[in-house]
Amino acid sequence: DKSNVYVNQLKHHIGKEVTLRGWVYNSRASGKIQFVILRDGTGLCQCIVEKASVPEELFDRIKHLGQESSLSLTGVVRADERSVGGHELAVTDAQIIAPAEGYPITPKAHGVDFLMRHRHLHFRSQRQWCIGKVRHTVVDAIRRFFNDNGFTLIDTPIFTTVVGEDQTSLFEVDYFGSPLHLTQTGQLYLESAAMSFGRVYCFGPTFRAEKSKTRRHLTEFWMVEPEVAFIDLPGLLELAENFVSYIVSRVLEDNRSELETLEADIGLLEKIQPPFYRLTYSEAVEILKGPKTVEFMARDLADLQSEKARTEVRIAELEQQQGGQIKQWQKDKIAAELIDLRSALAETETKIENNPKHAQLAAEFAWGKDLGGSDETIISRMHDKPVFVTHYPREAKAFYMKTDRADERVVENFDMLAPAGFGEIIGGSVREDDYDRLLAKIHEQGLSPETYNWYLDLRRYGSVPHGGFGLGVERTLAWITGEKHIRQCIPFPRMMDKVYI
Ligand code: 4AD
Ligand code: MG
């Protein structure tokens with residue numbers, strides 16, 4: 001009798017006969033043996049089909065199965081360190097469930113556009129699978145952290161009347177004839193809940209019609225937002241660093257093999273422990289305009305140029321091999337490596353081109369502006385742990401942020417910049433809790449006081465110091481996995497220029 005098991009359970013079945021069900025990830029012949037790498041959703045397993053061990057007709061059918069054909073394979077489990085996943089299946093019986101022919105995503109070269117149009121299939125690739133597994137852990141860790149620390153989950157609405165962040169990036173919806181928009185943040189609703197529950201969080205999709213086509217922007221992304229009554233800025237920073245450290249430690253615990261496959265920087269992740277670095281906005285501006293940045297950018301340019309030279313040499317080598325007498329599978333492998341190298345080269349060239357622009361932007365940075373993406377990148381690349389930047393100029397920030405009573409030019413806010421160039425992953429602040437000041441800010445930013453009347457109520461009836469922050473799941477995931485583009489960090493990305501499927 002055959003027992004169905006999953007690949008990630010094979011260690012409990014060594015020496016026994018089991019059945020695996022899944023898809024052909026890869027298949028190659030070597031004489032009288034067919035090596036089938038089976039993918040079953042929990043991992044990969046090399047299955048060895050010997051011509052002598054199965055009926056001839058079945059051997060032939062397996063031999064000709066295309067990539068992604070579904071089948072079940074029965075055999076004896078062997079431990080084998082050299083094999084993918086550490087086990088092998090010596091096949092004794094097989095059943096083909098549904099053959100697949102001409103699967104469009106082969107090891108051959110594919111551009112980003114092609115892969116995005118085939119996102120529904122691209123999911124089956126190792127890289128996407130690993131990112132999906134890490135995302136699962138990140139989401140679980142987010143909930144666990146807040147649930148274990150006395151926070152109550154409050155679901156905030158997606159259709160909303162208030163502008164949470166920025167009036168220029170609203171998605172309007174026709175709500176039975178009157179305009180509403182999709183939420184940019186649950187924060188304002190969450191503030192009202194904090195006055196009831198004390199410590200709350202919301203977690204859901206967020207929408208921004210941001211007209212920026214960068215590797216950090218989605219129009220639909222997931223954000224988790226805690227909000228706490230009776231907290232100050234140092235308290236918020238401590239909460240945020242404990243929170244992010246917990247997420248990273250959980251991923252290190254649960255997803256080490258995925259991180260290895262993704263070639264994430266595990267050494268750097270292991271350093272992610274409190275305390276994180278703390279800079280004020282004014283200190284950050286000093287750094288950007290100072291000699292440290294000039295030196296940093298010059299060194300970066302030199303590094304990029306030698307990286308470019310190295311990549312070009314490797315490309316030339318591979319192109320030469322490609323022209324030689326080699327097997328088709330070797331050609332496919334080289335083609336796949338070439339596409340990676342060419343896109344890496346293009347990226348390096350863009351960085352070389354942008355280096356002087358970014359250096360100049362930093363040198364000419366004027367106090368009062370919000371930090372731009374390239375400024376954040378510079379600061380975050382100078383650090384091996386996340387950096388808090390606090391106390392931004394009030395003009396650059398949202399209306400609800402509390403004016404610093406010690407320096408009225410700035411607000412009591414912070415951004416957390418992930419290290420190694422990933423930029424902002426958290427934005428947060430203490431909220432303006434004074435009725436008159438909040439009303440003045442609503443007028444100042446041209447918002448309608450009627451719309452915010454309910455929000456002002458929170459300052460009319462027992463206002464208390466409070467604050468919170470929002471962490472973007474996809475940006476956090478891009479940082480942890482080392483994925484360059486945020487579009488790979490959400491199952492079905494929505495971007496300004498394109499919605500593929
Ligand atoms: O800094 P933001 O705009 O902060 C807020 O929305 C606050 N209301 C949160 C709060 O205090 N409760 O956004 C928070 C985070 C950013 O740091 C970033 O990680 C992510 O949300 N984010 C985006 N992620 C992907 N694509 C975009 N277009 C994003 N915009 C913000
Ligand atoms: Mg922000």
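**Figure legends: close-up views of a predicted model**

The residues of the shell around ligand 1 comprise seven nonpolar, 10 polar and seven charged ones. The model shown in these views is predicted.

**View 1. The protein as a whole contains 15 helices and 16 strands.** Along the principal axes, the C-alpha atoms occupy a box of roughly 85 × 55 × 45 Å. Of the 501 residues in the protein, 35% are buried. Among contacts with a separation of 6 or more, 68% join residues 24 or more positions apart. UniProt, in an unreviewed entry, assigns residues 133-491 to the feature "domain: Aminoacyl-transfer RNA synthetases class-II family profile". Over residues 133-491 the chain is 48% helix and 17% strand, and the C-alpha atoms at the two ends of this stretch are 11 Å apart. An unreviewed UniProt entry also places the feature "coiled-coil region" at residues 252-351. The chain over residues 252-351 is 80% helix and 4% strand, with 30 Å between the end C-alpha atoms.

**View 2. The surroundings of ligand 1 are formed by 24 residues.** Those that come nearest are Thr 185, Phe 221, Gly 427, Gly 470 and Gly 472. At least two residues of the shell are supplied by each of strand S11 (220-229), strand S15 (423-430), strand S16 (466-472) and helix H15 (473-481). The largest share, six residues, belongs to S15.

**View 3. Helix H11 (residues 328-363) packs against helix H12 (residues 373-381).** The angle between the two helices is about 90°, and their axes are 9 Å apart. H11 and H12 are therefore roughly perpendicular to each other, since angles of 65 to 115 degrees count as such. On the H11 side the contact involves His 358, Leu 361 and Ala 362, and on the H12 side it involves Ser 374, Asp 375 and Ile 378. The residues of this contact divide into three nonpolar, two polar and one charged.

**View 4. The buried residues of H12 are Asp 375, Glu 376, Thr 377, Ile 378, Ile 379 and Ser 380.** Several elements pack against these buried residues. The helices are H9 (281-289), H10 (291-323) and H11, and the strands are S13 (387-390), S14 (413-418) and S15. Strand S15 also contributes to the shell around ligand 1, as View 2 shows.

**View 5. Helix H5 (residues 187-197) has buried residues that include Leu 188, Tyr 189 and Leu 190.** Gln 187, Glu 191, Ala 193 and Ala 194 of H5 are buried as well. The cover over the buried residues of H5 includes S10, S11, helix H14 (453-460) and S16. Just after H5, Gly 198 adopts a positive phi of about 85°.

**View 6. Cys 202 is located in strand S10 (residues 199-207).** With 25 other C-beta atoms within 10 Å, Cys 202 is buried, because the cut-off for a buried residue is 20 or more. Leaving aside residues up to four places away in sequence, Cys 202 touches Ile 154, Asp 155, Thr 156, Gly 186, Leu 190 and Glu 225. Of these contact partners, Leu 190 is one of the buried residues of H5 in View 5. Cys 202 and Leu 471 are 269 residues apart along the chain, and their C-alpha atoms are separated by 11 Å.

**View 7. Val 54 occupies the loop between strand S3 (44-50) and helix H1 (56-63).** Val 54 is buried, as 21 other C-beta atoms lie within 10 Å. Its contacts, not counting residues up to four places away in sequence, are Val 49, Phe 59, Val 91, Asp 93 and Ala 94. Val 54 and Gln 9 stand 45 residues apart in sequence, and their C-alpha atoms are 25 Å apart in space.

**View 8. Glu 50 belongs to strand S3.** Glu 50 is partly exposed, with 14 other C-beta atoms within 10 Å. Not counting residues up to four places away in sequence, Glu 50 touches Lys 32 and Ile 33. Between Glu 50 and Gly 22 there is a separation of 28 residues in sequence, and the C-alpha to C-alpha distance is 19 Å.

Key:
Residues numbered from 1 in each chain as written. Chains lettered and ligands numbered in written order. Predicted model: local features only at pLDDT ≥ 70, side-chain atom pairs only at ≥ 80, totals over all residues. UniProt positions renumbered as here; feature names shortened; annotations may be inferred. Axes fitted to C-alpha atoms, helices over the stretch in contact; angles between N-to-C directions. Parallel < 35°, antiparallel > 145°, perpendicular 65-115°, else oblique. Contact = placed C-beta atoms within 7 Å. Nonpolar A, V, L, I, M, F, W, Y, C, P; charged D, E, K, R; others polar. Near = placed C-beta within 6 Å. Buried ≥ 20, exposed ≤ 12 C-beta atoms within 10 Å, placed from the backbone.
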